[in-house]
Amino acid sequence: MIRMKNIRFHYGKKPLFANMDLDIPKGNIYGLLGMNGAGKTTLLKLMSGQLFPLEGTSSVLGYDPVKRNPDMLADLFHLPEEFLLPRMRAEEYLAINAPFYPKFDHAALHRYCMDFDLDLTQKLNELSFGQKKKFLLSFGLASNTGLLILDEPTNGLDIPSKSQFRRTVASAMTEDRTFIISTHQVRDMENLIDPIIIVHSGKVVFNSDLATIAVKLTMQLDAFWQGLVGASALIGLFLGSLFFWLDFRHPWPAENFPGQFCSDHHRLGDAVLCRDSLGAGPVPGADRY
């Protein structure tokens, strides 16, 4: 789907990317993350042929984006963070722009606009910023392009619209499409984006799906706990000796504690401990007594 190799890009004398590599297979909703100024928007523009690298090679949908092949552009829709809409109604906009996308689905567009509660009789320039973004998002989804690039798509959306955004994007996703969503609003996207791409200091420092991350973390935790077996035995012996000592030195009457606790309790600092729950730590709710 997308392959970028040894990409170098500068803004004037300021370097942004140096020998950057990136591979994106098709069929997923990718989350593109990074700090302000990391180059997320620039990377999306390099993918879509709006900026050209100083060095390196790229392939997007089987084409070199530098050449801006019409077949590539017909299968790619890019919704930028900042945009302008002309002084015209939706039907005029569609009549001019929809023919550039051979697989455009007018029925899907109207369905998405209804889901977002958009009034298509208004002139587009008279819509609020959030409504304009929802219209362009609906247009992009209805274009049925193989590659959909969204730069900060939830900025300007209210909370109900963000929920609808997640449902609408998920419903439009197919195994033949690839979505790339650049965002700082990770909480808005956490149940939608997977895999994750992180850009930092001119490099792609992370590119993996959540399942792979989970496996790696599980293996690391297993190794960690196996290394603690000997230490755990010593800690258990120490705690057992401590509780045994408390049993004889600092008894507390059972009537001082709620009925759900056992009859033999002891206080250690601000925590209530129970001999029947050795190894379980402080009794839940003990800080209330």
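The crossing of helices α3 and α5 is right-handed, and I should say at once that the model we are looking at is a predicted one. Two packed helices are described by the angle between their axes and by the distance between those axes. Here, helix α3, which covers residues 90-97, and helix α5, which covers residues 129-142, pack at an angle of about 35°, and their axes lie 13 Å apart.

Which residues make this contact? From α3 they are A90, Y93, L94 and N97, and from α5 they are F135, L136 and F139. Sorted by character, the residues of this contact of α3 with α5 comprise six nonpolar and one polar, with no charged residue.

Let me turn now to the strands. There is an open sheet of three strands in the order β2-β1-β4, and its pairing is antiparallel. The edge strands are β2, residues 14-24, and β4, residues 55-60, each of which pairs on one side only. On average, and with direction ignored, neighbouring strands of this sheet are turned by 25° against each other. Strand β1, residues 2-11, is joined to β4 by five bridges, the two strands running antiparallel, and if you look for I2, you will find that its bridge partner in β4 is V60.

Finally, a single residue, S208, which has its place in strand β9, residues 203-208. Is S208 buried or exposed? Its relative accessibility is 13%, and because buried means under 20%, S208 counts as buried. Leaving aside neighbours within four places in sequence, S208 is in contact with P195, I196 and I213.

Methods: Residues numbered from 1 in each chain as written. Predicted model: local features only at pLDDT ≥ 70, side-chain atom pairs only at ≥ 80, totals over all residues. Heavy atoms only, no water. Axes fitted to C-alpha atoms, helices over the stretch in contact; angles between N-to-C directions. Helix = DSSP H or I, 4+ residues; strand = E, 2+ residues; numbered from the N terminus. Left-handed = near helix turned anticlockwise from the far one by under 90°. Contact = heavy atoms within 4.5 Å. Nonpolar A, V, L, I, M, F, W, Y, C, P; charged D, E, K, R; others polar. Buried < 20%, exposed > 50% of the residue type's maximum accessible area, 1.4 Å probe, protein only. Pairing = 2+ DSSP bridges.
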